[in-house]
Amino acid sequence: MDWKKEEDTYLLPGYAKFPFVPAKGEGAWITAEDGTKYLDFYGGHAVALLGHCPPAVVAAVQAQAETLLFYSTLAYSPLRAQAAKALVELCGEPGSKVFFCNSGAEANENAMRLARAATGKKLIVATDGSFHGRTAGALAATGIAKYRQGVAGLGTDVAHVPFGDLHAAKAALEMGAAGFILEPIQSMSGAVCPPAGYLQGLASACEAAGAALIFDEVQTGLGRVGAPSAAHSYGVTPSIQTFAKGLGSGVPCGAVLASPEVASKVKSGDLGSTFGGGPLACAAIAATLGEVSSRKLWENAASLEKLIRDTFTFPGIVGIQGKGLLLGLMLDRPAKAVQQALLEKGVLVGTSDVPNVLRLLPPLTINREEVGILKNVLEQSLLPGAVLA
Ligand SMILES: Cc1ncc(COP(=O)(O)O)c(C=O)c1O
């Protein structure tokens with residue numbers, strides 16, 4: 001059976017696809033249907049936080065699937081309590097509370113809704129260059145214009161300001177904003193870190209304006225940036241944080257983490273989701289967070305960032321931006337052709353919305369040897385004449 005043809009026949013087009021059919025995943029490696037092995041520095045779309053099929057998560061999901069596949073939040077669940085406690089302990093503060101949903105976009109929708117409900121105001125300020133998801137509210141906040149183009153009916157209560165510009169942020173907040181949403185490190189824009197003092201300044205400006213500071217930690221959270229979250233990494237306490245991607249190691253889920261102050265304003269009935277916080281997702285979340293915390297995986301992310309910065313010093317790379325294992329390699333040529341060359345040599349990496357930036361989002365569990373494989377393959381691919389400049 002030609003599965004590629006079959007899929008193109010029956011599914012609406014979505015992302016441009018890798019040209020292989022993944023059959024099996026283990027750690028940082030994917031084996032395709034034809035037996036070809038790929039080293040996954042894109043982490044299955046930034047989802048394989050612990051690598052592919054992490055044994056602790058697989059065991060937890062298997063055990064849960066055999067006992068109770070689903071019951072909604074109409075009923076209590078020990079696993080839900082365990083998953084929420086683990087998220088509060090890893091990324092929140094005492095008194096923070098969690099709402100579970102099903103994706104990053106949904107987490108951001110609910111975060112903005114909470115900000116509006118908590119403040120009684122409507123306006124959300126967002127940043128140029130951000131990506132927050134494809135549902136109407138999350139897309140309205142997304143600052144990369146091409147994703148919004150041609151989409152009618154998006155929310156209008158959103159103002160965009162340049163990322164990193166504190167004056168513009170303050171001016172927008174003074175218009176009476178409910179919240180300010182941003183990716184603390186902008187991933188789709190090539191793993192761009194905020195200028196020094198920006199996030200701290202934003203936190204003060206939000207406090208002064210009575211607005212909720214929302215960190216979209218869908219990519220930066222859960223250890224990826226060399227700390228439990230970007231909030232930890234920059235020493236800032238946002239009012240709301242959102243998580244998804246690696247939260248369930250591949251079982252679809254998302255989460256909103258509200259500060260004690262925001263949480264105190266939420267009433268029963270304000271939030272709801274049929275599937276959010278279901279037992280299968282919570283088994284995956286509890287097991288994933290257990291691994292991240294007990295193994296302090298952010299430390300591996302920080303030390304491999306250092307290794308990459310120290311050793312990826314060869315011609316073709318003109319800069320490295322980002323933090324931990326959310327890195328943008330700035331090339332002297334288009335990244336797309338280099339991504340293709342790496343794929344042909346068995347290494348998967350991401351591109352970004354900036355033509356010359358390759359993005360690395362590998363599992364936090366990768367090792368020095370695997371970084372060495374990427375280095376060698378990349379170095380060869382960037383030799384003069386190896387890839388069209
Ligand atoms: C920073 C960020 N926020 C939100 C989203 C949306 O997440 P989802 O695709 O799970 O809706 C993404 C997805 O790539 C993202 O990178």
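**Exercise 1. The sheet**

Work out the strand order of the open sheet in this predicted model, and find its edges.

*Solution.* Start with a general idea: strands of a sheet pair through backbone hydrogen bonds, either parallel or antiparallel. Now walk across the sheet: its seven strands run in the order β4-β10-β9-β8-β7-β5-β6, and the pairing is mixed. Next, look for strands that pair on one side only: these edge strands are β4 (97-101) and β6. Finally, follow the twist, which averages 20° from one strand to the next.

**Exercise 2. One pair of strands, and a helix on the sheet**

Describe how β9 and β10 pair, then place α9 on the sheet.

*Solution.* First, locate the two strands: β9 covers residues 240-243 and β10 covers residues 254-258. Their pairing is antiparallel, with four bridges. For an example, take glutamine 241, whose bridge partner in β10 is leucine 257. Then turn to α9, which packs on the sheet and touches β5, β7 and β8 (212-216). The direction of α9 makes about 165° with that of β7.

**Exercise 3. The buried face of α8**

Which residues of helix α8 are buried, and why do they line one face of the helix?

*Solution.* Begin with the helix itself, residues 166-173; its buried residues are Ala168, Ala169, Ala172 and Leu173. Now look down the axis of α8: the buried residues fall within an arc of 135°, so they line one face. What covers them includes β5 (123-127), β6 (158-161), β7 (177-182) and α9 (198-209). Last, check the start of α8, where a side-chain oxygen of aspartate 165 comes within 3.1 Å of the backbone nitrogen of histidine 167.

**Exercise 4. Looking for disulfides**

How many disulfides does the structure hold?

*Solution.* Recall that a disulfide is a covalent bond between the sulfur atoms of two cysteines. The test used here asks for sulfur atoms within 2.5 Å. Try cysteine 53: its closest cysteine sulfur, in cysteine 253, is 15 Å away, too far for a bond. Try cysteine 101 next: its closest cysteine sulfur is in cysteine 253, at 8.5 Å, which is also too far. Cysteine 101 has 1% relative accessibility, so it counts as buried. The count for the structure is zero.

**Exercise 5. The surroundings of α14**

List the buried residues of α14 and find what they pack against.

*Solution.* Within residues 335-344, the buried ones are Ala335, Val338, Gln339, Ala341, Leu342 and Leu343. They pack against β3 (37-40), β12 (326-331), β13 (347-348), β14 (357-360) and α15 (368-381). Now step past the helix: α14 is followed by glycine 346, which has a positive phi near 85°.

Conventions: Residues numbered from 1 in each chain as written. Predicted model: local features only at pLDDT ≥ 70, side-chain atom pairs only at ≥ 80, totals over all residues. Heavy atoms only, no water. Buried < 20%, exposed > 50% of the residue type's maximum accessible area, 1.4 Å probe, protein only. Arc of directions from axis to C-beta. Contact = heavy atoms within 4.5 Å. Polar contact = N/O pair within 3.5 Å; in protein donor to acceptor, adjacent residues only side chain to side chain. Pairing = 2+ DSSP bridges. Axes fitted to C-alpha atoms, helices over the stretch in contact; angles between N-to-C directions.
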